[in-house]
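Trainee: New model on my screen. Please take me through the main contacts, starting wherever you like.

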Amino acid sequence: MPRPVLIFDFDGTVAVGDGPLLAYARAVAVHTASADDFVSAVAAHLATPTDDVIDGYDAVRRAALEAGVDDDDLASAYALSRTQLGSVDAPVSTARGLADFLADVDAERLLVTNAPATRLDEALAAMGLDGLFDRIVTDASKPAGLETLLDDLDDGICVLAVGDVWRNDLAPAHARGLDTALVGGYVDAAAAPTFRADTLDELLPALAAWVDAARVDAPPVANLPSHA
């Protein structure tokens, strides 16, 4: 029987914390009239997310556009912030049980991110996750890139996509009848995940049960406990 496939997003899913977002905001802030005010405004939004943004990076982007920052400066600021990923200037953390889960789970473990490869290995090492993914795809251009990845998988393989942005990380899988797990506090009215929780740690028992069901003749996934 083929191994089931777990597809994890990186930012906001595997890697959590506002460190990279504030690094991005600081890099954008040098292009605004008041750097301190810009960073403070972004920090306030991250503390209380609103329904009109899809994630923290979208929040920084929208604030930058409102402040008159052009696309070129926004792109260069993002690239600069990624050179700090996982450092003291852009710290990240991960779910407490994720390393043990990935080390023990009998599934193909994919990490698929729209971010570049810049300092990704260092960030994974800092979180204790180095060597725990079978395949890493960067600059994935999700959601279209996720469609391409799913097309390349063999027919009949059980797939569970895990992410924090419904439209990018999960919707393409859901549209094919595959299972999904949505993590985090950002709201999307279209979201209809198989599993849902505020943190990845809360989801790990359901993910483990899903893998067990995919590996043996077990009850259908719909009968597993949901965190929705």
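**Charged pairs and a buried strand**

Trainee: Is R215 buried or exposed?

Mentor: In between. R215 has a relative accessible area of 26%, so it is partly exposed. Buried means under 20%, exposed over 50%, with a 1.4 Å probe and protein chains only.

Trainee: What kind of model is this?

Mentor: It is predicted: local features need pLDDT of at least 70, side-chain atom pairs need 80 or more, and totals for chains, interfaces and linings use all residues. Numbering starts from 1 along each chain as its sequence is written, and side-chain values use heavy atoms, without hydrogens or water.

Trainee: Back to R215. Which side chain does R215 meet in a salt bridge?

Mentor: The side chain of D106, at 3.1 Å from N to O. D106 sits in the loop between helix 5 and strand 2 (108-112), while R215 is in helix 9, so the bridge ties together parts 109 residues apart in sequence. A salt bridge here is a side-chain nitrogen of Lys or Arg within 4 Å of a carboxyl oxygen of Asp or Glu. Helices (H or I, at least four residues) and strands (E, at least two) are DSSP runs, numbered from the N terminus.

Trainee: How accessible is D106?

Mentor: D106 has 36% relative accessibility, so it counts as partly exposed.

Trainee: Which residues are in the salt-bridge network with D106?

Mentor: R3, E108 and R215 are linked with D106 in that network.

Trainee: How many salt bridges does the count come to?

Mentor: The count comes to 13. One of them joins the side chains of R82 and D11, at 3.0 Å from N to O.

Trainee: Where do R82 and D11 lie?

Mentor: R82 is in helix 4 (residues 71-82), and D11 is in the loop between strand 1 (5-8) and helix 1. They are 71 residues apart in sequence, so the pair ties those parts together.

Trainee: Is R82 buried or exposed? And D11, buried or exposed?

Mentor: R82 has 2% relative accessibility, so it counts as buried. D11 has 15%, so it is buried too.

Trainee: Which residue does D201 meet in a salt bridge?

Mentor: R96, through the side chains, at 3.5 Å from N to O. D201 lies in helix 9 (residues 200-215), and R96 in the loop between helix 4 and helix 5 (98-104). The two are 105 residues apart, so this pair links distant parts of the chain.

Trainee: Is R96 buried or exposed?

Mentor: R96 is exposed, with a relative accessible area of 77%. D201 is partly exposed, at 24% relative accessibility.

Trainee: New topic. Why is strand 5 largely enclosed?

Mentor: Because five of its five residues, 179-183, are buried.

Trainee: Which way do the side chains in strand 5 point?

Mentor: D179, A181 and V183 point one way, and T180 and L182 point the other way. All of these residues are buried. In a regular strand, side chains alternate between the two faces of the sheet.

Trainee: In what sense does strand 5 pair with strand 4?

Mentor: Parallel. Strand 4 (residues 159-163) and strand 5 share four bridges. Pairing needs at least two DSSP bridges between the strands. V162 has A181 in strand 5 as its bridge partner.

Trainee: How many bridges join strand 5 to strand 6?

Mentor: Three, and strand 6 (residues 195-197) runs parallel to strand 5. There, L182 stands opposite R196 of strand 6.
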